Amino acid sequence: MSRSITSTLLLPRSILLLSALIFLGYIVTWILLPFKQWLGIWLLTLLIKTNTKEFGTQGTFMLIYTGPILLIALLGCLYLHLTRNSCKYHSDKIRGTSASDGPIARLRRPMLVRGPLGVVSTIELLFFFSFVALVIWIFAYGNGVMPVVGNMNARQNTRHANDKMWQKNLRSTAFYFAIAGNFCCCFLFYPVTRGSSILPLLGLTSEGSIKYHTWIGHMAMFFFTTHSLLFIVYWAIVNDLKEMLIWDHNSNSNVPGEIAIVFGLVMWATVHPRIRRKMYELFFYTHQLYIPFMFFYMLHTGFYFVFMLFPGFYLFLIDRFLRFLQCRRKVRLVSARLLPCETVELNFSKSLGLDYRATSTVTINVPSISSLQWHPFSVSSNSSLEPDRISVIVKRDGNWTRKLIEKLASSPDIPLLDRLEVSMEGPYGPISTDFLRYETLVLVAGGSGIVPMISIIREVIALKDMGPRPRSTPPRLVLICAFKHSVDLALLNLILPPIRAVSTTTTSVVLVDNISDRVLDIQIEAFVTRDKLADPAAPSPQIKTIWFKPDPSDEPFSAILGSNSYSWLWLGAIIMSSFAIFLILSGLVGRFFVYPKDKGTNMVFSWTTRTALNALFICFSIITTATCAVVLNKRRYAHQAITQVQSIELSNNNRSTTITTPPILSSAACPFGNYVVDRDVESLPHQSIIERTNVHYGQRPNLQKILLQFEGSSTGVVVCGPAVMRHDVASICGSSSLGGLHYESISYNS
């Protein structure tokens, strides 16, 4: 078995090593960029050897700056495919190792907590300063790039040949800021590519990388804004402000750059945390201006410099179009459970081949509420325990969630309601469950932050109860949750999955009845901050279950590229084939239209036209290949989807409305109360969950006192909640003297 595991992991490790070497070479090309020897000798030699009739000099830039990243993306698809197939070995290895405080673990500990960057680990800080140092290097020695930029804008060089030295230096400095901003844009789109094959190579997810996108975006806009202001000042000094109105089709055009910076400033103005939290729709809609921003940016710089940032944006466009195709599908909403704390659990049908990990997220759109608004939610279900369902929990927090809950709460009390049209994207999440390597797992949640914790708990149940006997000793779970009011304690009823989701065999009922005692070792500390005591006279709240009629146009929720076993290979095929189509189309235009006009010289064929054509070819190649891949997968799994919807429809027609579970404890003794819930067989052992729950009224959790109890052991601390809670937990884990607390955060921001 040991030899088999080693051989299984050898190829993925070789792919990781090869990807690291390619990326190192890619970074070296940026480090060499400011040197005149690189531009004057090496790059010039490469330009001569690769200057073909089809691509000209832009082919050289594609070879240096685009080829390596797309190759890494293809290697990433292959790596993820191989590791998914060997996931059981990889998972066993992780769960069998000790989470000792080695060098990597120490680098991952929080170093900065309440600074402008948020919670930042040591390794993140090292990479951040390395990135800043590279930006400064390129900016400080930008004079090496000036000859290339000057040759591309000979018109301005001729008009301002008699400038004074300080004026030339001012103009050169403005160019340096543009080059530094262009370098930042090269890495801007990787963190927001949700289906990325590159981020998992670094152990990252798109949700956890949002802060990197924010950092790089701020730096890029600072450089671009300074670049624009310095040129305006320069033109005003030399009495040449009319330069702002020139659109030169054969070199750098100023008007497209001015339009691009306007769109960029609008996006930049709405990323402030207060605007993003209070006016999310404004933030979301203005961020769609990235499309005209990038188009006019390409017209301003031309494709020579665009190919430096091209690979990241190209991979993002592929991911974005695949998400667009997925959101066109209407997902089958099976049921909704209304909790008494203004929270609803939505249960959707999903394809049996869809697999996802704990803490995954989906994005949901309900056209009857808003046809444009898409909102992300954490998945609370588990793909192993609930193979045909996927569930999300929506808590009232804003106008959109309020309208959704009110719409469901006002529904008549009948067995089946008419269909509610819903579209979904995702799921997005980690590729492995590394948190299982710890001996103790402390989950700290605030409010709706308990939802991803529920998915983690269910993941532990699923992985530890696989097969006739548990595959390894499950970690001890400690759940620390804080709620504002006692009615919010109803969320704890969702910790265990519904019994029908686990009851796949005739003998599994016995397994489910014993699941919390035999598998789940959990201690729950619940804190109610605003209610001093439980009200014994308060009526027991009820959970209302709503079932929806199926519709022929609805489909089970599935990955856009079909089965998880081959989805990464399909993505690799799309990347490779779409780029090949782009090269063919761009080469044909270069051979039969561009080259006959310029005969190998620059600036004869319209720069604007060639850039617009290249942008059109990019869109055409991505749309064509991605659509073909999605159609082929949809036909392949169409029969399975129809059969699954018909099965759900039959089960709903034979379903009774609701079954009331027998009372476990009185509401005075137990704050959870008695509920009307959906149970196909019988109630799960909520008595066991309640016995493990200690409710503390009128106080906040003393996190330092609680967490330091586990300092000496191998303990993973996962936190999801308000920023203050995340910062407190990070500070405690970072200052731990023994280093036994390993911090993990689940959040869309830092």
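A residue is called partly exposed when its relative accessible area lies between the buried range, under 20%, and the exposed range, over 50%; Glu 406, with a relative accessible area of 39%, therefore belongs to the partly exposed class. The legends below describe close-up views of a predicted model.

**Figure 1. Overview of the predicted protein chain and its burial.** The protein chain holds 26 helices and 18 strands. Of its 750 residues, 54% count as buried. Among the contacts in the protein chain with a separation of 6 or more, 80% are accounted for by residues 24 or more positions apart.

**Figure 2. A salt bridge within helix 16, between Arg 402 and Glu 406.** The closest N and O atoms of Arg 402 and Glu 406 are 3.4 Å apart, and the two residues form a salt bridge. Arg 402 and Glu 406 are four residues apart in helix 16, so about one helical turn separates them. Arg 402 has a relative accessible area of 24% and is partly exposed, and Glu 406, at 39%, is partly exposed as well. Elsewhere in the model, salt bridges that share partners join Arg 194, Asp 319, Arg 323 and Glu 425 into one network.

**Figure 3. Salt bridges of Arg 337 with Glu 345 and of Arg 396 with Glu 342.** The model has a count of ten salt bridges, and two of them are described in this view. In one, the side chains of Arg 337 and Glu 345 meet with an N to O distance of 3.4 Å, and both Arg 337 and Glu 345 are buried. In the other, the side chains of Arg 396 and Glu 342 meet at 3.0 Å, N to O. The pair of Arg 396 and Glu 342 links distant parts of the chain, 54 residues apart: Arg 396 lies in the loop between strand 7 (389-395) and helix 16 (399-409), whereas Glu 342 lies in the loop between strand 3 (333-339) and strand 4 (343-349). Arg 396 is partly exposed, its relative accessible area being 36%, and Glu 342 is likewise partly exposed, at 42% relative accessibility.

**Figure 4. Gly 398 in the loop between strand 7 and helix 16.** Gly 398 has its place in the loop between strand 7 and helix 16, and Arg 396 is found in that loop too. With 41% relative accessibility, Gly 398 counts as partly exposed. Gly 398 and Arg 277 are 121 residues apart along the chain, and their C-alpha atoms are separated by 9.7 Å.

**Figure 5. The largest cavity and the residues that line it.** Searching the whole structure gives ten cavities of 30 Å³ or more, and the largest cavity has a volume of about 630 Å³. Its lining is made up of 33 residues, and those that lie nearest the centre are Arg 194, Gly 195, Pro 427, Tyr 428 and Trp 568. Two or more residues of this lining are given by each of helix 15 (303-327), strand 9 (423-428) and helix 21 (567-598), and helix 15 gives the most, with four residues. Sorted by class, the lining of the largest cavity comprises 15 nonpolar, eleven polar and seven charged residues. Arg 194, one of the residues nearest the centre of the cavity, is also a member of the salt-bridge network with Asp 319, Arg 323 and Glu 425.

**Figure 6. Aromatic pairs and an aromatic cluster.** The count of aromatic pairs in the model comes to 33. One of them joins Phe 187 and Tyr 190 in a tilted arrangement, with 6.2 Å from centre to centre and 55° between the planes; Phe 187 and Tyr 190 are both buried. In a further pair, the ring centres of Phe 284 and Tyr 285 are 5.7 Å apart and the planes stand at 65°, so this pair is edge-to-face. Phe 284 is partly exposed, at 22% relative accessibility, and Tyr 285 is partly exposed, at 34%. Phe 187 and Tyr 190 also belong to one aromatic cluster, together with Phe 23, Tyr 26, Trp 30, Tyr 65, Phe 131 and Phe 183.

**Figure 7. Leu 436 in the loop between strand 9 and strand 10.** Leu 436 is found in the loop between strand 9 and strand 10 (440-446). Its relative accessible area is 2%, and Leu 436 is therefore buried. Leu 436 and Pro 475 are 39 residues apart in sequence, while their C-alpha atoms are 6.6 Å apart in space.

Terms used. Residues are numbered from 1 along each chain as its sequence is written. This is a predicted model: local features need pLDDT of at least 70, side-chain atom pairs count only at pLDDT 80 or more; totals for chains, interfaces and linings use all residues. Side-chain values use heavy atoms; hydrogens and water are left out. A salt bridge is a side-chain nitrogen of Lys or Arg within 4 Å of a carboxyl oxygen of Asp or Glu. Buried means under 20% relative accessible area, exposed over 50%, partly exposed in between (1.4 Å probe, protein chains only). On a 1 Å grid over the protein atoms alone, a cavity is a set of points where a 1.4 Å probe fits but cannot get out, and a pocket is an open set with protein on both sides within 12 Å along at least five of seven lines; lining residues have an atom within 4 Å of a point. Grid points are joined across faces, edges and corners, and a volume is the space filled by probe spheres set on the points. Ala, Val, Leu, Ile, Met, Phe, Trp, Tyr, Cys and Pro count as nonpolar, Asp, Glu, Lys and Arg as charged, and the others, Gly among them, as polar. Rings of Phe, Tyr and Trp (its six-membered ring) pair if their centres lie within 6.5 Å; planes under 30 degrees apart count as stacked, over 60 as edge-to-face and the rest as tilted. Contact means heavy atoms within 4.5 Å.
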